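User: I'm new to this one and keep tripping over the labels. Could you walk me through why things get called what they're called?

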Amino acid sequence: MKLQRMNRRALALGALAVSGALALTACGSDETGNPDGGSSNAAAPSNIKCDDASGQVLADGSSAQKNAVDAWVKQFSAACQVEINYKAGGSGAGVTAFTQGQVPWAGSDSALKPDEVAASKKICSGGQGIDLPMVGGPIAVGYNVPGVDKLALDSATIAKIFDSKITNWNDPAIKKLNPDAKLPNLKIQAFHRSDESGTTDNFTKYLIATAKKDFPYEGGKAWQAKGGQSAPQSSGVAAQVKQTAGAIGYFELSYAKDGIKTVAIDTGAAEPVEATVDNATKAISEAKVVGTGKDLALELNYATKADGAYPMVLVTYEIVCDKGNKSETLPAVKAFLRYAASEDGQKILAENDYAPMPEEIITKVRTTVESLS
C-alpha cells in the first residue's frame with residue numbers, strides 16, 4: 001500500500017510538471033506569435049513594441065524601398081501578430097492608393113505635392129498626409145559594358161546619355177573621363193522607368209540641378225527625356241541592364257546585384273565618388289527639413305562637391321495621416337513604423353545596401369510616429 005501511494009504521488013508530480021511546461025509554452029506562444037515560444041525571441045528583436053497591433057495591413061508604393069520593407073517585415077512579423085503586405089507598385093501608385101483611402105500607409109521617394117496633401121485631407125479625418133523620411137540610399141547608375149570593370153561619368157555625360165545625345169560607348173566624352181578604359185564600339189542601350197517613380201523624380205532632380213543645359217526638362221515621376229527603352233519598377237530596369245550588352249540604367253543600390261557594375265560620379269571632388277551606403281549618408285546629412293508642422297519633407301543637396309559625398313541620392317518617405325487614421329489599422333501601422341524608425345530598424349538598412357537616416361532626422365521621425373492618432 002505504501003508503495004502504491006508513492007507511485008500515485010510521483011505520477012501526480014509528473015503531471016504537474018508537464019502541465020507547468022505546457023503553460024510556459026503557451027505563454028511564449030501568445031507573446032511572440034510563434035509556437036516555439038522563447039526560441040523565437042532569438043530570431044526577432046526582443047524590444048519590438050507590438051502594443052495592440054494585429055491583423056493584416058495592405059500598403060503600396062516605392063519599389064526603391066521594397067528590399068528594406070521586406071527585411072523589416074521579416075523581423076516585425078516574427079514578434080507581432082501582424083501581416084504586412086507591401087505591394088511596391090511604385091511611388092505614384094502608392095500615393096494614389098493612399099489619397100484614395102485604399103491603404104493606410106504608402107511609400108514614396110518624393111514628398112507629397114500640395115494637391116496630394118489636399119486630396120489626403122478627404123481620407124485623414126481632421127488631419128492630412130505627412131512625409132516621414134525613413135529610408136535613404138544612393139541611386140546607382142548600373143551598366144553592362146563587356147571588358148569595362150570601372151567607369152566614371154559626370155552629370156553632363158549622364159544627362160546626354162539618357163537624352164540620346166551620346167549613343168555609343170566609345171564616345172569622346174566618355175573616353176575623356178575614362179582614359180585608361182578599353183571602351184568598345186558598342187551602342188548604348190539606356191533604360192528608364194516605365195511607371196511613375198520617385199526614383200525617376202530624384203534621378204532627374206540631380207541632372208536638372210547639376211546639368212540643366214544638357215537635361216532641359218521639368219522632371220517629375222514620369223520620364224520625359226527622348227529615346228531610350230523602359231521597364232517597370234527598379235527590379236525591371238536592373239534586370240534589363242543585367243541581360244543587355246551595352247545597357248545602362250538607374251535604380252537603388254540594393255538592386256545592383258549579381259555582377260551589375262555601378263558608375264562612380266565625377267562631382268568635381270578630389271576623386272570620383274562611388275555609390276555606397278556611407279557615401280550616400282554623407283550626402284543626406286546635408287539635407288534640410290522643409291516640411292511644416294509634423295511633415296518632415298527634406299530638401300537634398302544634389303550639387304554637393306564634398307569629398308566622399310555621393311550626390312545622386314533619394315529618401316523614401318512613409319506617408320501616413322497625422323490625425324484621422326483608421327482605428328482598425330492604426331495600432332499595426334504605428335507599431336510597424338515605430339520599429340522601422342528604431343535603432344534596430346535603421347541598422348537593418350545598412351545591412352541591405354540602404355542608408356540609415358541621420359540621427360537628427362530620425363529622432364524627429366520617432367517623435368512624430370508616437371503622435372499619430
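User: Why is Leu177 called partly exposed?

Analyst: This is a predicted model, and in it Leu177 has a relative accessibility of 21%. Buried would need a value under 20%, and exposed one over 50%. Leu177 at 21% falls in between, so it counts as partly exposed.

User: What makes Ala152 a contact of Leu177?

Analyst: Contact takes heavy atoms within 4.5 Å. Leaving aside neighbours within four places in sequence, Ala152 passes that test with Leu177, and so do Leu153, Asp154, Thr157 and Asp266. Asp266 sits 89 residues from Leu177 in sequence, yet their C-alpha atoms are 8.4 Å apart.

User: And where does Leu177 sit?

Analyst: You'll find Leu177 in helix α6, which covers residues 172–177.

User: How do you know that helix α5 is largely enclosed by the rest of the structure?

Analyst: Helix α5 spans residues 155–162, and 6 of its 8 residues are buried, so the helix counts as largely enclosed. Those buried residues are Ser155, Thr157, Ile158, Ala159, Ile161 and Phe162. They pack against several elements, including α6, β5 (152–153) and α7 (198–211). Just after α5, Ser164 takes a positive phi of about 60°.

User: What share of the chain's residues is buried?

Analyst: Of the 373 residues in the chain, 51% are buried; each of those has a relative accessible area under 20%. The chain itself has 12 helices and 13 strands.

How values were computed. Residues numbered from 1 in each chain as written. Predicted model: local features only at pLDDT ≥ 70, side-chain atom pairs only at ≥ 80, totals over all residues. Heavy atoms only, no water. Helix = DSSP H or I, 4+ residues; strand = E, 2+ residues; numbered from the N terminus. Buried < 20%, exposed > 50% of the residue type's maximum accessible area, 1.4 Å probe, protein only.
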